[in-house]
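Dear colleague,

I am passing on the structure we spoke about, and below it you will find my notes on what turned up when I went through it. Please read them with the model open beside you.

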Amino acid sequence: MAFELPELGYAYDALEPNIDARTMEIHHSKHHNGYTTKLNAAVAGTDLEGKSIEDILANLDMSNAAVRNNGGGFFNHSLFWSVMNPEGKGYLSGELKDAIEAAYGSKETFMEAFSNAAATQFGSGWAWLCVHKGGKVEVCSTPNQDNPLMPGVSCGGTPILGLDVWEHAYYLNYQNRRPDYINAFFNVINWNEVEKRYADAK
């Protein structure tokens, strides 16, 4: 079964003023759709066909550039849309809050670490909050469309929160002001979804 572009679950303008409608429309309907189409072409007729994206990435031959780039792009964006919603939803609580405080001391210190990972990722890439077996969390970043599911990539573990810092994710509204875009992202995090992913991953 071919991979399909996921629905957002909210309108393109729903994240305004934090993320503008035109950026969301181009990002979802053009960029993510392109990764989806190219991923399907890259796995068609191979032993990867029919496998889940998580299985493909966890056992990836990192020299397979087509699957690495487009599989990463497909997975990363699918997670990105799901961990946002209009004006955020819920608040950091429960076991995830405990894990973040154990690792970083406070939510504020975690936000600083996550913001720094996003701001200092040179060129295109992603910032992540990952979960290791047992529930320990860690912040890291990856270049291009790499992610922590892939072999030998920074962090490891299961990504439960990701921020796209490719320029196409913010340039129409924020131009070169990546830190402003990062700050705006915290206003639309769907903590209920992130907590659910934490529970599933640990």
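Cys140 and Cys155 are both buried, and in this predicted model a disulfide joins the two, with an S to S distance of 2.3 Å. A search of the whole structure finds one disulfide. The torsion about the S-S bond of Cys140 and Cys155 is about -120°, so the disulfide is left-handed. Because Cys140 belongs to strand 2 while Cys155 sits in the loop between strand 2 and strand 3 (158–164), the pair ties together parts that are 15 residues apart in sequence.

What keeps Cys130 from being bonded to Cys155, whose sulfur is the closest cysteine sulfur to its own? The two sulfur atoms are 3.6 Å apart, which is too far for a bond, given that a disulfide requires the sulfur atoms to lie within 2.5 Å. Cys130 has a relative accessibility of 0% and therefore counts as buried, and Cys130 stands opposite Glu138 in strand 2.

Cys155 deserves a second look for its backbone as well, since its phi is near 85°, a positive value in a residue other than glycine. With a relative accessibility of 17%, Cys155 falls on the buried side of the cut-off, which is set at under 20%. Asn144 lies in the loop between strand 2 and strand 3, as Cys155 does, and Asn144 also has a positive phi, near 55°; at 40% relative accessibility, however, Asn144 counts as partly exposed. Elsewhere, in the segment before helix 1 (21–43), one finds Pro17, which is joined to Glu16 by a cis peptide bond with omega of about 5°. These places may merit a check, for most residues other than glycine have a negative phi, and most peptide bonds are trans.

Turning to the sheet, its three strands form an open arrangement in the order 2-1-3, with antiparallel pairing. Strand 2 and strand 3 are the edge strands, each pairing on one side only, and neighbouring strands of this sheet are turned by 25° against each other on average, with direction ignored. Seven bridges connect strand 1 and strand 2 in the antiparallel sense, and six bridges join strand 1 (residues 125–131) to strand 3, again antiparallel; Trp128, for example, has Gly162 in strand 3 as its bridge partner.

Is strand 3 largely enclosed or largely open to the outside? Six of its seven residues are buried, so strand 3 is largely enclosed by the rest of the structure. As for the pairing of strand 1 and strand 2, which has seven bridges, the sheet it belongs to is also packed against by helix 3 (residues 65–82), which touches strand 1 and strand 3 and whose direction makes about 85° with that of strand 3.

Within strand 2 (residues 137–143), Val139 is a useful residue to look at. Its relative accessibility of 13% places Val139 among the buried residues, and, leaving aside residues up to four places away in sequence, Val139 touches Tyr104, Phe110, Ala113, Phe114, Ala117, Trp128, Leu129 and Cys155. The C-alpha atoms of Val139 and Ala118, which are 21 residues apart along the chain, are separated by 9.8 Å.

The largest nonpolar core has 63 residues, and those with the most contacts inside it are Leu96, Leu161 and Tyr181. Again leaving aside residues up to four places away in sequence, Tyr181 touches Ile19, Phe80, Leu163, Asp164, Val165, Ala169, Tyr170 and Tyr174.

Leu96 appears once more in the packing of two helices. The axes of helix 4 (residues 94–104) and helix 8 (residues 191–201) come within 8 Å and cross at roughly 80°, and the two helices are therefore roughly perpendicular to each other. Glu95, Leu96 and Ala99 make the contact from helix 4, and Trp191, Val194, Glu195 and Tyr198 make it from helix 8.

With best regards

How values were computed: Residues numbered from 1 in each chain as written. Predicted model: local features only at pLDDT ≥ 70, side-chain atom pairs only at ≥ 80, totals over all residues. Heavy atoms only, no water. Helix = DSSP H or I, 4+ residues; strand = E, 2+ residues; numbered from the N terminus. Buried < 20%, exposed > 50% of the residue type's maximum accessible area, 1.4 Å probe, protein only. Contact = heavy atoms within 4.5 Å. Core = buried A, V, L, I, M, F, W, Y, C linked by side-chain atoms within 4.5 Å. Pairing = 2+ DSSP bridges. Axes fitted to C-alpha atoms, helices over the stretch in contact; angles between N-to-C directions. Parallel < 35°, antiparallel > 145°, perpendicular 65-115°, else oblique.
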